[in-house]
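Biologist: I am new to this structure and should be grateful for a close look at the sheets of chain B. Please describe how they are built and what surrounds them.

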Amino acid sequence: MGERALEGLRAYRLIAGMWVRSTMIYRTSFLLTVAGNLLVTGLDFATILLMFTRVDSLGGWSLPEVAFLYGLSATAFGVADLVLGSMDVLGSRIRDGSFDTLLVRPAPVLAQVGADRFALRRLGRISQGGVVLGWAALSVDVHWSAAKLLLLPLMVGSGAVIFCALFVAGAAFQFLAQDAAEVQNAFTYGGTTLLQYPPTVFGRDFVRGVTFMLPLAFVNWVPAAYVLGRPYPLRLPEWTVWSPPLVAAVCCALAGLAWRAGLRSYRSTGS
Amino acid sequence: MFIEVDGVEKVFEVRKKTGFLKRERRQVRAVDTLSFTVARGEMVGYIGPNGAGKSTTIKMLTGILTPSAGRLRVAGIDPSRERTRLAHRIGVVFGQRTTLWWDLPLIDSYRLMHRMYRIPDARYAENLDRLVELLDLGALLDVPVRQLSLGQRMRGDIVAALLHDPDVLYLDEPTIGLDVISKARVREFLRELNVERGTTVLLTTHDLQDIEQLCSRVMVIDHGRLMYDGPLAGLHEVGESERTLVVDLERELPPIEAGGSARVVRVEGPRQWLAFPASESAAPLVARIAAEYPLVDLSVREPDIESVIATIYAERTTA
């Protein structure tokens with residue numbers, strides 16, 4: 001198991017490196033997308049800032065506190081997005097048949113798919129999240145005990161791992177969804193409204209918007225409440241602040257199972 | 001035996017809509033109790049019409065797909081169980097999709113193979129030099145793949161598939177879309193590879209000339225079943241296929257009386273078409289005609305694979 005993981009990391013590094021070099025061929029384009037990325041993610045936080053020009057607190061949380069929450073999740077998501085953010089090209093790889101070429105390589109498929117279209121421009125989101133988080137951590141009125149300081153990287157790390165697990169689960173779903181007829185049925189029976197938008201919009205936003213909220217609530221809100229000295233949501237016991245790594249591990253295990261099931265189904269049904 | 005396929009089946013489940021919310025499940029047998037063996041160093045052509053089960057077989061042999069039933073071994077390895085271990089022993093060239101890195105110089109793709117397959121440095125350098133020279137790619141190593149022609153890219157893909165010294169090479173339509181010179185170069189290379197390295201080669205193709213010039217053995221598959229397994233000449237006999245000799249005479253003449261099993265099938269001005277069994281040599285026929293008629297030009301047309309297979313298939317079903 002450990003050997004396989006190392007093998008996977010090695011393959012990931014090799015392939016990601018090739019994508020970075022491919023991107024650097026078009027240097028100007030790269031710089032422009034990085035700038036665009038920074039701008040867009042920056043606007044994201046600007047919306048929150050804008051709201052605070054009208055109100056002093058949001059649900060009882062001050063600006064630095066909300067920024068703390070925002071920075072935590074933005075950084076964690078940024079890391080996951082950098083690492084596995086392009087996994088949704090799997091669907092098109094399956095459709096055009098190029099997925100098969102990955103299966104004849106002596107490297108774990110998950111690593112190869114994960115590194116597919118690796119894009120350094122996604123560093124933009126991490127840096128933006130990091131800046132907000134840093135500013136928030138310095139601005140909140142909190143006594144930084146050793147426990148709280150330890151909790152910080154733990155939250156970012158666990159959050160990133162959970163997001164990664166969700167990317168993997170989302171990709172695993174594409175093994176099933178690539179059955180075009182099935183997808184078509186879903187849309188035809190699903191109402192005409194859905195057809196007014198390209199299906200890709202749903203894939204991405206659904207996965208990124210809704211699904212990510214659930215485990216994150218656990219990982220982000222509970223420990224953040226502890227750090228900021230606020231009452232726990234749902235009156236959870238205090239030890240739950242240390243649960244993020246546990247939640248992350250469970251998410252990984254589930255995502256791993258989903259991936260294996262998806263891959264097995266592909267290999268038994270083919271294109 | 002190097003490749004063993006024993007009673008292998010592949011069944012896909014296809015779901016068809018039969019009414020509102022109603023779906024019918026239907027099983028499609030892409031490969032049906034297929035059995036064959038390939039010895040080390042053999043060069044086998046694997047042919048059949050589209051949808052006959054060719055790619056499904058190749059996908060099972062390369063470990064991409066898991067068979068529904070039967071036993072499969074390549075170099076003693078069960079492909080679907082030990083996919084990554086098998087990967088070190090096989091090379092795969094998918095004719096219509098490149099595995100090279102589009103925006104990067106050709107050499108970069110090879111460096112990736114070097115590290116991904118953990119090819120020892122000395123062997124990598126030696127293989128690269130040899131392959132690049134044989135396939136005449138030396139001047140193109142620093143050119144981005146997107147700037148290569150189709151033929152150059154195909155040669156590039158073949159190099160990429162062979163850097164790790166695989167024991168068996170699968171080629172899926174290796175000459176499709178290539179010009180005559182590129183085709184000849186690829187064939188010449190494959191022949192040398194097979195003779196000098198003893199690499200086992202299994203190739204699927206629509207081009208009968210690929211088979212003719214490369215393979216001592218041909219397997220024909222249709223509807224997931226092996227219809228023929230033997231030398232190409234035998235295939236023509238079994239299929240009773242005919243080659244066509246197109247003869248241009250100096251002037252319009254009555255149909256040529258060539259004797260033997262040849263007969264005129266069409267006359268159009270000074271041009272005449274003669275059909276003769278594909279298993280016979282064209283030389284005596286040409287000599288006879290040249291001796292007795294004012295010959296300007298001539299050419300031989302091979303029977304196309306589809307019609308040969310169609311004949312075999314018709315015979316099997318009526319028998």
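**The sheets of chain B and their surroundings**

Modeller: In β8(B), B:M219 is the bridge partner of B:Y46. This pair belongs to a predicted model, and it offers a convenient point of entry. Strand β3 of chain B, residues 43-47, and strand β8 of chain B, residues 217-222, run parallel and are joined by four bridges. Both strands are part of an open sheet of six strands in chain B, whose order is β5-β6-β7-β3-β8-β9 and whose pairing is mixed. At the edges stand β5 (90-94) and β9 (225-230) of chain B, each of which pairs on one side only. From one strand of this sheet to the next, the twist averages 15°. In general, the strands of a sheet pair through backbone hydrogen bonds, in either a parallel or an antiparallel manner.

A helix accompanies this sheet. Helix α1 of chain B, residues 54-61, lies across β3, β6 (168-172), β7 (200-204) and β8 of chain B. Its direction is at about 150° to that of β6(B).

The second sheet to consider is formed by four strands of chain B. This sheet is also open, with the order β11-β12-β10-β13 and antiparallel pairing. Its edge strands are β11 (263-268) and β13 (295-301) of chain B, each pairing on one side only. Neighbouring strands are turned against each other by 20° on average, direction ignored. Within this sheet, β11(B) and strand β12 of chain B, residues 271-277, run antiparallel and are joined by five bridges. There, B:V267 stands opposite B:Q272 in β12(B).

This sheet, too, has a helix against it. Helix α9 of chain B, residues 283-292, lies across β10 (242-249), β12 and β13 of chain B, and runs at about 160° to β13(B).

The division of the chain into domains gives these sheets a wider setting. Chain B comprises domain 1 (40-67 + 77-236) and domain 2 (242-302). Taken over C-alpha atoms, the centres of domain 1 of chain B and domain 2 of chain B are separated by 38 Å.

The nonpolar cores come next. In soluble globular proteins, nonpolar side chains tend to be buried together. The largest nonpolar core here has 129 residues, of which A:A80, A:C164, A:V168 and B:V159 touch the most other members. Helix α8 of chain A, residues 146-177, gives the most to this core, with 15 residues. Leaving aside neighbours within four places in sequence, A:V168 is in contact with A:L84, A:M87, A:A255 and A:W259. A second, separate core has nine residues, among them B:L245, B:I256, B:F276 and B:I289.

Finally, chain A provides the partner for chain B. Chain A has 13 helices and zero strands, and 35% of its 271 residues count as buried. Among contacts in chain A between residues at least 6 apart in sequence, 87% join residues at least 24 apart. The contact between the chains takes 20 residues from chain A and 27 residues from chain B. On the side of chain A that touches chain B, α1 (2-25), α5 (99-103) and α13 (244-269) of chain A each supply at least two residues. The largest share of that side, six residues, comes from α1(A). By type, the residues of the side of chain A that touches chain B are nine nonpolar, seven polar and four charged.

How values were computed:
Residues are numbered from 1 along each chain as its sequence is written. Chains are lettered from A and ligands numbered from 1 in the order in which they are written. This is a predicted model: local features need pLDDT of at least 70, side-chain atom pairs count only at pLDDT 80 or more; totals for chains, interfaces and linings use all residues. Two residues are in contact if their C-beta atoms, placed from the backbone, lie within 7 Å. Ala, Val, Leu, Ile, Met, Phe, Trp, Tyr, Cys and Pro count as nonpolar, Asp, Glu, Lys and Arg as charged, and the others, Gly among them, as polar. Domain bounds come from an automatic or database domain assignment. A residue is buried if 20 or more other C-beta atoms lie within 10 Å of its own, exposed if 12 or fewer, and partly exposed in between; C-beta atoms are placed from the backbone. Two strands pair if DSSP finds at least two bridges between them. Axes are lines fitted to C-alpha atoms, for helices over the stretch in contact, and angles run from 0 to 180 degrees between N-to-C directions. A nonpolar core is a set of buried Ala, Val, Leu, Ile, Met, Phe, Trp, Tyr and Cys residues joined through C-beta atoms within 7 Å.
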